[in-house]
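Thank you all for making time this morning. I would like to walk through one protein with you, slowly, and take it a piece at a time.

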Amino acid sequence: MTDCGVMDSSRPEARLTTSVKILPMRDLRRVAAVAYQGLCTFEFGVVVEMFALPRPELQVPWYSFTVCSAEAGPLKAMGGVTVHASSGLGALQRAGTIVIPGWRNPDESPPQPLIAAVQPAYRHGARLVSICSGVFVLAAAGLLDGKRVTTHWRYADRLARRFPRVQVEPDVLYIDEGRILTSA
């Protein structure tokens, strides 16, 4: 650099290059919600209401929505509700937005196939959204290290203890960290 901050290309340090990783474009309106045995029905219902319900009155392109699961067969959700997932975890590789609507037990590690599907989807440009205890799935996948997140107040201490590299903020309703959004 010269004294005025202009790069002098004759100097060796001026030839340094920077590598920029370009992520492929994904259609963020292609939404996949993850369902599982013991599904949290309130959080799941919110996701269905937001993304699956047609909104022709808005006169804008709306979301395409699918429910996917790593587990076969009908899923027994909370309250005796049965959910049939229309897709397997392969849907996460095509989704622009992946929603984890709660997790059945914050002390239970998510199944490895779910972790193995979420990680590359994120690396390849998907936006990840967790509701309440769904943040435990993203943390177990190693995607929240160094990031600010939130969850339901009753899980905040447990999340902070279990994942000390995650910056848990218990007193907010949601946190937007770019392509990762967490909510209480």
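Let me begin in the middle of the sheet, where Ile 98 stands opposite Leu 128 in strand 6, and let me say straight away that what you are looking at is a predicted model. Strand 5 and strand 6 run parallel and are joined by 5 bridges, and to get from strand 5 to strand 6 the chain passes through helix 2, residues 112–123, in a β-α-β crossover that is right-handed. Strand 6 itself is mostly covered, with 4 of its 5 residues buried.

From there we can step outwards in both directions. On one side, strand 6 is joined by 4 bridges to strand 10, residues 180–183, and these two also run parallel; if you would like a residue to look for, Val 129 has Leu 181 of strand 10 as its bridge partner. On the other side, strand 5, residues 97–101, runs parallel to strand 1, residues 30–34, with 3 bridges between them, and here Ala 33 is the residue that stands opposite Val 99 in strand 5.

Going on from strand 1, we come to strand 2, which runs parallel to strand 1 and is joined to it by 5 bridges, and within this pair the bridge partner of Val 34 is Cys 68 in strand 2. Strand 1, helix 1 and strand 2 together make a β-α-β unit, and this unit is right-handed. Helix 1, residues 41–51, lies across strand 1, strand 2, strand 5 and strand 6, and it runs at about 150° to strand 5.

In what order do the strands of the whole sheet come? There are 6 strands in an open sheet, and the order is 2-1-5-6-10-9, with mixed pairing. Strand 2, residues 64–68, and strand 9, residues 174–176, stand at the edges, and because each has a single partner strand, one side of each is left without a neighbour in the sheet. From one strand to the next, the twist averages 15°. As a general point to keep in mind while you rotate the model, side chains in a regular strand alternate between the two faces of the sheet.

Now to the cysteines. How many disulfides does the model contain? The count comes to 0, and for Cys 40 the nearest cysteine sulfur, that of Cys 132, is 6.9 Å away, whereas a pair would have to lie within 2.5 Å to be counted. Are these cysteines buried or exposed? Cys 40 counts as buried, because its relative accessibility is 12%, and the cut-off for buried is under 20%. Cys 68, which we met in strand 2, is buried too, with a relative accessibility of 0%, and Cys 132 is buried at 5%.

Cys 132 deserves a second look, since this residue lies in the loop between strand 6 and helix 3 and has a positive phi of about 55° although it is not a glycine. Gln 59, in the loop between helix 1 and strand 2, likewise has a positive phi, near 55°. Gln 59, however, counts as exposed, with a relative accessibility of 72%.

Cys 132 also leads us to Tyr 155, which lies in helix 4, residues 153–162, and is buried with a relative accessible area of 11%. If we leave aside its neighbours within four places in sequence, Tyr 155 is in contact with Pro 106, Cys 132, Ser 133 and Phe 136. Tyr 155 and Pro 170 are 15 residues apart in sequence, and the distance between them, C-alpha to C-alpha, is 8.6 Å.

Let me finish by stepping back to the whole chain. The secondary structure comes to 4 helices and 10 strands, which follow one another along the sequence as β-α-β-β-β-β-α-β-α-β-α-β-β-β. Of the 184 residues in the protein, 40% are buried. The accessible surface comes to about 10,400 Å², and 56% of that belongs to carbon and sulfur atoms. Finally, if we take the contacts between residues at least 6 apart in sequence, 62% of them join residues at least 24 apart.

Note on methods
Residues numbered from 1 in each chain as written. Predicted model: local features only at pLDDT ≥ 70, side-chain atom pairs only at ≥ 80, totals over all residues. Heavy atoms only, no water. Buried < 20%, exposed > 50% of the residue type's maximum accessible area, 1.4 Å probe, protein only. Pairing = 2+ DSSP bridges. Axes fitted to C-alpha atoms, helices over the stretch in contact; angles between N-to-C directions. Contact = heavy atoms within 4.5 Å. Right-handed = clockwise from strand over helix to strand, strands pointing away. Areas by Shrake-Rupley, 256 points an atom, 1.4 Å probe, with all protein chains shown as cover.
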